[in-house]
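Here is a tutorial in questions and answers. The learner asks how to read a feature, and the teacher replies with the case at hand.

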Amino acid sequence: MPSLTRVAATERAALLTVESYDIELDLTGGEVVFRSVTRIRFRSTTPGAGTFVEVRPTRLLGVRLNGRALDPAALDDNQFALTGLLADNTLVVEAEMAYSNAGEGLHRFVDPADGNTYLYAMSGIDNAQRIFACFDQPDLKAPVVLSVVAPTDWTVAGNGELAATPAPGRWEFAATPPLATYLVSLIAGPYHLLRGEHDGIPLGVYCRRSLAEYLDRDADEIFTVTRQCLDRLHELFDVRYPFGKYDQAFVPEFNMGAMENPGLVTFRDEFLHRSAVTDAEREQRANTIAHEMAHMWFGDLVTLRWWDDLWLNESFAEYFGTRVTAEATRFGSAWTTFALRRKAWGYAADQRPSTHPVAPSEVPDAAEALSNLDGISYAKGASVLRQLVAWLGDEAFLAGLRGFFATHRFGNATLADLLAALSASSGRDLTGWAEVWLRQPQLNTLRAEIRLRDDGHYAEVAVVQSAPSGHPLLRPHRIGVGLYDLADTADGDPGSAGAGPGVRVRRRIEVDLAPVVDGGRTVLDELTGQPAARLLLLNDGDLTFAKVRLDAGSAAAVPLALPGLSDPLARALLWSETLDAVTDGERPVSDLVALIVAALPAEPELIVVQDVLNRTRPLLDRYLDPDVRPAALEQLAGACDRLLATAPPGGSRQLAAARSLIGATVDTAVLAGWLAGEDVPDGLVVDAELRWAVLRRLAVLGAVGEPEIAAEQAADPSASGAERAATCRAALPDPEAKDRAWQVVTRDTTLSNRLLEANAAGFWQPEQVELTASYVERYFAEMPEAAGRRTPWVADQVAGLAYPRYAVAGRTRELAAALLARDDLPTGLRRVVTDADDDLRRALLSRTAAR
Ligand SMILES: [Zn+2]
């Protein structure tokens, strides 16, 4: 299916002004299709000219342009040509459309818990045309009037306020402010609804009935976070929330975390936790609520002109989502989470062969835009904004944004428009800054170089900036430099966690690194002659986006310093540096495991504990040869055991430790005991999700089979239960189970996006490399055709999850290279394989170096 090109969109935007969309949907026509009638009023600058409208129906029933009936058979793929335009036009398109089971378009879900049917619309980024005929590009915005016919016992909500229910089973919504097509949404079904209100804005939260008890339980927290973030964004932006009501719907089988539809944000309903979660997961939900709300200004009020400026949506939503979470909610350490988790995503993406600028100058089509929803557009972009704030000052930054909203409200904007607003507010020319930070890909490494005098004072402290050979660009960085002293440097024992000496921050300075002077070497003159610190931390405060490498002395002090360092962000940066150096193959995995054993059980910050464990596990599975992996895994399990033993009963730390222990241990007797309620650590509740985690590990290890999985699913007849059961089945060390899962992953089109992912997620296991060896070749042979059976987002997800990531061998890389040499690969699959292969390259290098 063709993806709209930048060129075609530019031409069409020059020709058309869309005045309104009038959309009528009839959702009473059965389980497979629905009826869609769209009336578009639009003007053309050039009467007599032609254009096209997009629609993806199962049957196109009728097309009338200015009263003239056109032949529906003229539909060419998803484009219908329109000729002989007038100055003022009315287009009416009647179509029968298919419900989606892929989360793209109008998704239909039947809840296995109670048989209820739920629908939601996902129009991003070019799926509106699966619901209604439209000019499906972001800069042809228009007010939308929606009306829906649906079963009388349903609830229906759209972007706009409900205007009337003229008859039972008919909902009519008021005209919205101008919306981009990718933001048009609705939900329909017997949804459970809770209402609220804040500052004159009606609030609503929705979920399916089988999750009502979890929404009711958490509604206070969700509404509180919503109110806090609204207030803070109003303070920062000085422009009121512009879309009337603010509904948040938790919907099933949603592909992304959430989608920022104006007035009706949709979230994946895994955010309504049915089992115990850690506070880090509550923070993530709060952050997502804040992120989507920030989009109401960045993306919804002012919309990108074309997908080149995806960063104007995502980088800003990521930045302000994290900022208001940290500033306005109880989750005050959101920037620590950002430093450790989100930036790791950004650093990884920016170092891959597929890297791209934060703000590319030309994204050729919408398919490429979908692939760019990555760690660069989100985390790197937000980091760059943090750097911009450090450089411009917060007041000038915010004043520029207020000017930007005032000029472009309800319209579209580009990078140039943003820079103009920021230049006006700050009086500075941002062209050069934007060129190096936004227009160029890849990242710098900052290394500390230290020379000491005989008396132990600094003779010279320098920061050396470098860049990868293919992208030899150095940048101006404003960074913090922290000097830390150990209270007692004589007798700390890095082996005894929790007993580390106190660590005192002696001084923090902010310095500007000049990129061009002296080959990227900046001498910190103010430190010359100072007593040397035990630990010198570059990028303290995490103001810039760069890899950091400590000097040898500071690196040696890390195990000693970590337990006594009071600033969680500084500790996160030290963990991050270690994880990154191991990922780069500069340090052996054993160093990381040793640091975990020494320092992690004493780490007070939950997010650090959770993320370090989560990031370490794949490094063990992929970077270590099979003969050394079990010993490392045992050490990791030992560290988890100590965490578990020392964690307060019933708290987040205990749960985080238990989950990691379950994933790492090979002691099937202990795990089976937990399922039976034996020897469960005091305070740990082995609830539905934890039971599934245990069962999954037992399945991987071959300690349970189909009877146990079937029994667990019978006891948990929810959608989540079905997904977990599918993952467990795919994870069984059994050739038939692998064959069944592979058939699903590559061929099945009847299962939903979520069940496909569940199968793919269970298939590859580091313990089963030999059993699954034959599927390595099959992945590369079969995936192009398999991807062709799916909508783009799901195709990419499945291709990523099904990649043979534990087949760390030269042969796997040869197969990837052969596939990438083909010129007929879909954009998304090419990106997935390119990136996964690069990850495998690193793992292979590390293994080779260790041999
Ligand atoms: Zn977003």
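Q: How much helix and how much strand does the chain have over residues 225-437?
A: Helices (H or I, at least four residues) and strands (E, at least two) are DSSP runs, numbered from the N terminus. Over residues 225-437 the chain is 58% helix and 8% strand, and the C-alpha atoms at the two ends lie 32 Å apart. UniProt, in an unreviewed entry, lists these residues as "domain: Peptidase M1 membrane alanine aminopeptidase". UniProt positions are given in the numbering used here, feature names are shortened, and annotations may be inferred rather than shown by experiment. The model is a predicted one, in which local features need pLDDT of at least 70 and side-chain atom pairs count only at pLDDT 80 or more, while totals for chains, interfaces and linings use all residues. Residues are numbered from 1 along each chain as its sequence is written, and side-chain values use heavy atoms, with hydrogens and water left out.

Q: What are the helix and strand shares over residues 127-183?
A: There the chain is 0% helix and 30% strand, with end C-alpha atoms 10 Å apart. The unreviewed UniProt entry gives residues 127-183 as "domain: Aminopeptidase N-like N-terminal".

Q: Which residues coordinate the zinc ion?
A: Donors are N, O and S atoms within 2.8 Å of the metal (3.2 Å for Na, K and Ca); water is not among the atoms, so sites may look incomplete. Here the zinc ion is held by His291 (NE2), His295 (NE2) and Glu314 (OE), at 2.0 to 2.1 Å. Along the chain, these donors follow the spacing H-x3-H-x18-E.

Q: Where do His291 and His295 lie?
A: An α-helix has 3.6 residues a turn, so residues three or four places apart point the same way. His291 and His295 are both in helix H3 (residues 279-295), 4 residues apart, which is about one turn of the helix.

Q: Is His291 buried or exposed?
A: Buried means under 20% relative accessible area, exposed over 50%, partly exposed in between (1.4 Å probe, protein chains only). His291 counts as buried because its relative accessibility is 9%. His295 is also buried, at 0%.

Q: How does the span of helix H4 compare with the one expected?
A: The expected span of a helix is 1.5 Å times one less than its number of residues. Helix H4 (residues 310-328) has 19 residues and reaches 26 Å from its first C-alpha to its last, close to the 27 Å expected. H4 is mostly covered, with 18 of its 19 residues buried.

Q: How many salt bridges does a search of the whole structure find?
A: Side chains of opposite charge can pair when their charged atoms come close. A salt bridge is a side-chain nitrogen of Lys or Arg within 4 Å of a carboxyl oxygen of Asp or Glu. The search finds 73 of them.

Q: Which parts of the chain does the salt bridge between Glu706 and Arg729 link?
A: The side chains of Glu706 and Arg729 meet at 2.8 Å, N to O. This pair links distant parts of the chain, with Glu706 in helix H19 (residues 706-715) and Arg729 in helix H20 (residues 719-731), 23 residues apart. Glu706 is partly exposed, with a relative accessible area of 36%, and Arg729 is partly exposed at 27%.

Q: Where do Arg841 and Asp838 lie?
A: Both are in helix H26 (residues 827-850), 3 residues apart, about one turn of the helix. Their side chains meet in a salt bridge of 2.7 Å, N to O. Arg841 is partly exposed, with a relative accessible area of 29%, whereas Asp838 is buried at 7%.

Q: What is the position of Asp279 in the chain and in space?
A: Asp279 is found in helix H3 and is partly exposed, with a relative accessible area of 29%. Asp279 and Ile607 are 328 residues apart in sequence and 8.5 Å apart in space, C-alpha to C-alpha.

Q: Is Phe42 buried or exposed?
A: Phe42, in strand S2 (residues 33-44), is buried, with a relative accessible area of 0%. The C-alpha atoms of Phe42 and Thr17 are separated by 5.6 Å, although the two residues are 25 residues apart along the chain.
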